[in-house]
Amino acid sequence: RLDFPCAVYNQRDPNVLGRLSEAKTALLGYSRVSDYQPKPVLYGYSERALKDMASLVARLWHVPFDPRDLASSFKGGRTRQGWGLADMELKESAIAADTDKAASCEPSSDYTAKTALLGVNFVDQRQAWEHHWAFQEAVARLGGESRRYQVHKDYITEWTGLWVPVQYDCWNLGAGGPELPAVGYVARRPPTLSKKHPYFVAVPDRWFTCYSHHSKVLSGQKIAAYELPVIDEEYLEAAAITEAVLHARGRQFSIVEVGARWGTWGMRALALLKALGESAGGHALFFEVEAAACEANRAILHLNGLGPNGTVVCTEGDAAVIRAFAEERVVIDVIDMDIQGAEVQLVPALLDVLHARVRKLVIGTHGLQGHAELRTLLSNWTIASELPWVGPTHCNGRLRGGEGSRWETQEMLQSSCYVEQTQFGPIMPWDGELVLLNPAVSV
């Protein structure tokens, strides 16, 4: 049983049982059922799940808590003497919030609960949603919500402190190019990077950020608060990268981004490492085949003082180069790839390297068959999160206002459009996505 201290229940927080239920779901997600083992068995990342859950308790309720206590009642488990989780049977009924204890705890009068950071879900804006623990942890380590930055009209300033030139993404601020007809809420000017992937139109967080920046510039605002990402189809990927950076504390971090555009995920990881003051630093290997986008990687590395931390390769993902990069390191923390269907060739070509040296995979998928193939090929990896491939549909256009009138929340939720329900609210995916954890490579 997840037997939390009375100090947790004493808050009478209406979300307590919900949080414990999420903890239960998370732990069950790290278990496996097989034909020869009908009961779920804890393995690999179970230890990390327990530690993360204990960290959640300590952070949200300021309660000192030993994660080994969570395993103390599991059959055959060694607690203080060692984890010994590999061969433990896990019964779902044994992982439940201890509601009897909650009823028996005496209220505490000298405790103040910590307020969680709340975000906006683009599909369902009827309420605020609690941000992923990795964002909350990172913000706390960076100094809390009081952080401010100076507004510069030519650069988006992301929550990690990363500067990105506005002309790369923001159609409402794009430099040059022919004027486009206004369609709903879509802006008039194209970005300077490739139109093959209109990032501004495709990703709600990006056009939200671009319009927010534009409003600051137009109003003459000089100082602004950092803004965490909007909850959309990139949110789980952003959380996965942030989580990987936090887990690399005290050692050198490494990431490979294939199909980098301007280095979306590797740059954000490097910027966060720099902001956190991680002396061990990190290194990113970027692959981008389009010349303008590849040059943008170099420009952003230089602009943010990250030049020594990045290697840019202006080709498609090269298995040989990735192998050489892996051989120079004990582990690679993340490989992130978004290569428009070529993932079904690259992953098999790197399978031995992935199994031996990569902690986390983030793969954008581009078809139902390819998504299923990769899921099967990596069946021994733990699925941290998954969004099915849907493909460009009228739903995406209506969500963003790009096809006729923009749908409001209720219209979206009542429509026949596909919406994936997550703990951060509904998400409407475009590309598919797999975030996978390697149980063979410890954190």
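## Arg 268 and its surroundings

Let's start with Arg 268, which sits in helix α9 of this predicted model. Leaving out residues up to four places away in sequence, Arg 268 touches Glu 158, Thr 160, Leu 162, Tyr 199, Arg 206, Glu 234, Trp 262 and Gly 263.

Is Arg 268 buried or exposed? Its relative accessibility is 12%, and the cut-off for buried is under 20%, so Arg 268 counts as buried.

## The largest nonpolar core

Two of the residues that Arg 268 touches, Leu 162 and Trp 262, turn up again in the largest nonpolar core, which has 63 residues. Along with Trp 159, Phe 253 and Phe 286, they have the most contacts inside this core. Several elements supply at least two core residues each, including helices α5 (133-142), α7 (204-219) and α9 (264-276), plus strands β9 (253-258) and β10 (282-287). Which helix gives the most? That's α8, with nine residues. As a general rule, nonpolar side chains in soluble globular proteins tend to be buried together.

Now zoom in on Phe 286. Ignoring its neighbours within four places in sequence, Phe 286 is in contact with residues including Met 267, Leu 270, Leu 301, Val 312 and Val 313. Glycines are on the list too, among them Gly 263 and Gly 266.

There is also another core, apart from the largest one, with 26 residues. Val 256, Leu 350, Val 358 and Trp 381 are among them.

## Strand β9, covered on both sides

Why is β9 described as largely enclosed by the rest of the structure? Because six of its six residues are buried. In a regular strand, side chains alternate between the two faces of the sheet. For β9, Phe 253, Ile 255 and Glu 257 are on one side, while Ser 254, Val 256 and Val 258 are on the other, and all of them are buried.

Strand β9 pairs with β10 in the parallel sense over six bridges, and here Ser 254 stands opposite His 283. β9 also pairs in the parallel sense with β12 (residues 332-337), this time over four bridges. In that pairing, Val 256 has Ile 335 as its bridge partner.

## Pro 426, a long way along the chain

Finally, meet Pro 426 in strand β16 (residues 425-427). With 3% relative accessibility, Pro 426 counts as buried. Pro 426 and Phe 122 are 304 residues apart in sequence, yet their C-alpha atoms are 8.5 Å apart in space. Not counting residues up to four places away in sequence, Pro 426 touches Asn 121, Val 123, Asp 124, Trp 129, Leu 413, Val 419, Glu 420 and Gln 421.

Note on methods
Residues are numbered from 1 along each chain as its sequence is written. This is a predicted model: local features need pLDDT of at least 70, side-chain atom pairs count only at pLDDT 80 or more; totals for chains, interfaces and linings use all residues. Side-chain values use heavy atoms; hydrogens and water are left out. A nonpolar core is a set of buried Ala, Val, Leu, Ile, Met, Phe, Trp, Tyr and Cys residues joined through side-chain atoms within 4.5 Å. Buried means under 20% relative accessible area, exposed over 50%, partly exposed in between (1.4 Å probe, protein chains only). Contact means heavy atoms within 4.5 Å. Two strands pair if DSSP finds at least two bridges between them.
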